[in-house]
Amino acid sequence: MSILRKALTTAAMTVALMAATGAHAETKRIALVVKALGIGFFEAANKGAEEAAKELGDVEIIYTGPTDTTAEGQIEVINSLIAQGVDAIAISANDPDAVAPALQKAMERDITVISWDSGVAKEGRQMHLNPSSSALIGNTIIKLAADHMPEGGDVAILSATSTSTNQNIWIEEATKVLPNYPGVNLVATVYGDDLADKSYREAQGLIATYPNLKAIIAPTTVGILAASQAVTDAGKIGAINVTGLGLPSEMAGAVASGATKSFAIWNPIDLGYAATMLAYNISNGAKAEPGASIPMGRMGAATLDDNNEAAMSDPFTYDASNIEQFKSIF
Amino acid sequence: MTSFLKSREALLALAILVLLAMIASRFPAFVEPASLANVFNDTAPLMILALGQMVVILTKCIDLSVAANLALSGMVAALLNGMGVPLPLILLIVLALGAALGAVNGLLVWKVGIPSIVVTLGTMTIFRGIIFLMTDGAWVNAHQMSDEFKALPRHVILGLPVMAWVAVVVIALFAVFLTRTPLGRSFYAVGGNPHAAVYTGLDVGRTQAIAFVISGTLAALTGYLWVARYAVAYVDIAGGFELDVVAACVIGGIAIAGGAGTVGGAVLGALFLGVIKNALPVVGISPFWQLAISGSAIILAVAFNARQGRKAGRIILKSAEAGA
């Protein structure tokens, strides 16, 4: 930016401030920080953010993140965003605590900080948008399995890493609702570390260890795919149903082969859209405090709880009837 | 015979048997032939990569880019498949690509003289970056791959899937190549004593570059097998797998300082890790302990290596020896 342009911008801002019309002289730059670049889910969230930007008109989306899912990588990204002087950061964190100090630094410089999808510790953000409520997801993943095993039976959970914030909360909620599903017997929880090969081996291990296994619940996209492949290779299609959370574009093959009868996910497009709307509104003066209701465009309004957290909507179930329609979207 | 029994390979084989016995006591079905065949098949990629890595380590280098090469080659294979290229042609193109990627490493080590750990640390990131540029981070999923493409590594011949047979063929070729050919022996010579190798007319840099090409080609072969087996290709596949490969070599007694190591050692080292990886899910050990157990096995193996490899040393001054 040349000195002249800088001076002009400053002048424009001053004029705008003096005019005090409330109109925005500059476009809002909202950074969508994701766990890692190259994950389908986050690419879809970016689509939603762009949709919100188009709707709002005066918003520029900066879609960024590290190349692998590390907190260190995200801290670097956050620091560079602070240096660029963005207006708002909406982050899906790799570690709730590790990124908090960098985000606090951003807030000290009047940058609006919200977290979405995977949360940040309370002191590191103004609010957190959960894609759904953890209780609802926990219930949904058990229900998905129960729906296809009327006589009941053994189920096992194949998670991401043993320290993944999201997965651990969902599994905790899932165990809470188990008594509501009398036939469903949870026999094991194993961790595939979101690696295709380790998840595949863990699924094989479950198949070998529990002969009466009726369903594998994988609340992670890498895990559900690997488990579907393991069940297919073991010739157990029909005997073991793989379900959980996955992306339609990735799960189309598993649904077609019958290894997966149904699975759920919220709409990442909606999530990116809602996060952008919230970041925009808070940056424009909406107060993020317990009890507050902040509008998020076509998704309604987010009502904050005591921890300044809000839930967007219910997860959505995908099966053979609608997978064709959604697989090209995300 | 007695020298074989004292050899590292025999001890490692014994360790694997003890491991299997321990696992069998908790989960007897693990040692059934079908299950063991499955473990061998699952370990095939690790064995193939470990042999490639072994050749590189023999020449005093290290190739950290194998997993990234695997991911890039696998992605190219999946994309070519999506364009309708026939499978034999895909394999040829991918193997050539892997060799070329290996040659990049090799030339940088040979002609530019950068230490191999730095070169491959760089290319490791570059290769994964290239995948990202090619795909914009999109995944290639099962329904986007042809059935033929996915079926080849799974096709069973004489009780073992093709993927396992590929490993068997590679092991056999390497056993002959490293012990019976001038080039195979030159890897040992170059790593064992580079200065002496130069005097015998061996080009150290060129030999190292060839080792990288071999490692790259095998990584590409594994890339296809991996992508076809797990029926998914994306930027992060086999993330961190290069460390498993190096660990397999280290456990197998391939001297990290170069010049020493056997095909049998590398294969057994890979199998040792493979047995642990496959057994941990079924023996019911807490996942929180799994990483610690794998790690301890590696350290134990290296410690053992260091003790065995220590030269006795010649005593020059008896009095000084006593004093110290």
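## A residue in helix α5 of chain A

Is A:Ile142 buried or exposed? In this predicted model, A:Ile142 counts as buried because 25 C-beta neighbours lie inside 10 Å, and 20 or more are needed for that label. You will find A:Ile142 in helix α5 of chain A, which covers residues 134-147.

Leaving aside residues up to four places away in sequence, A:Ile142 touches A:Ala174, A:Val177, A:Leu178, A:Tyr181 and A:Val184. As a landmark further along the chain, take A:Lys236: 94 residues separate A:Lys236 from A:Ile142 in sequence, and their C-alpha atoms are 20 Å apart.

## The sheet of chain A

Chain A also has an open sheet of 4 strands, in the order β7-β6-β8-β9, with parallel pairing. At its edges stand β7 (184-191) and β9 (241-244); each has a single partner strand, so one side of each is left without a neighbour in the sheet. From one strand to the next, the twist averages 25°.

Let's look at one pairing inside this sheet. Strand β6 (residues 153-159) and strand β8 (residues 213-218) of chain A run in the parallel sense and share 4 bridges. If you would like a place to start on screen, try A:Asp154, whose bridge partner in β8(A) is A:Leu213.

## Helix α11 of chain B and its packing

Over in chain B, helix α11 takes in residues 204-230. At 1.5 Å a residue, its 27 residues should span 39 Å, and the end C-alpha atoms are indeed 39 Å apart, so expectation and model agree. The helix is mostly covered, with 24 of its 27 residues buried. Just after α11(B) comes B:Ala231, which has a positive phi, near 55°.

Which angle do α5(B) and α11(B) make where they pack? Helix α5 of chain B (residues 87-112) packs against α11(B) at about 145°, and the axes are 7 Å apart. The crossing of α5(B) with α11(B) is right-handed. Sorted by class, the residues in this contact are 18 nonpolar, 10 polar and 1 charged.

## Where the two chains meet

How many residues of chain B are in contact with chain A? The count is 24 from chain B, set against 28 from chain A. On the chain B side, the elements giving two or more residues are α13 (263-283) and α14 (287-309). Of the elements there, α13(B) gives the most, with 4 residues. By class, this side of chain B has 15 nonpolar, 5 polar and 4 charged residues.

Key
Residues numbered from 1 in each chain as written. Chains lettered and ligands numbered in written order. Predicted model: local features only at pLDDT ≥ 70, side-chain atom pairs only at ≥ 80, totals over all residues. Expected span 1.5 Å × (residues − 1). Buried ≥ 20, exposed ≤ 12 C-beta atoms within 10 Å, placed from the backbone. Contact = placed C-beta atoms within 7 Å. Pairing = 2+ DSSP bridges. Axes fitted to C-alpha atoms, helices over the stretch in contact; angles between N-to-C directions. Left-handed = near helix turned anticlockwise from the far one by under 90°. Nonpolar A, V, L, I, M, F, W, Y, C, P; charged D, E, K, R; others polar.
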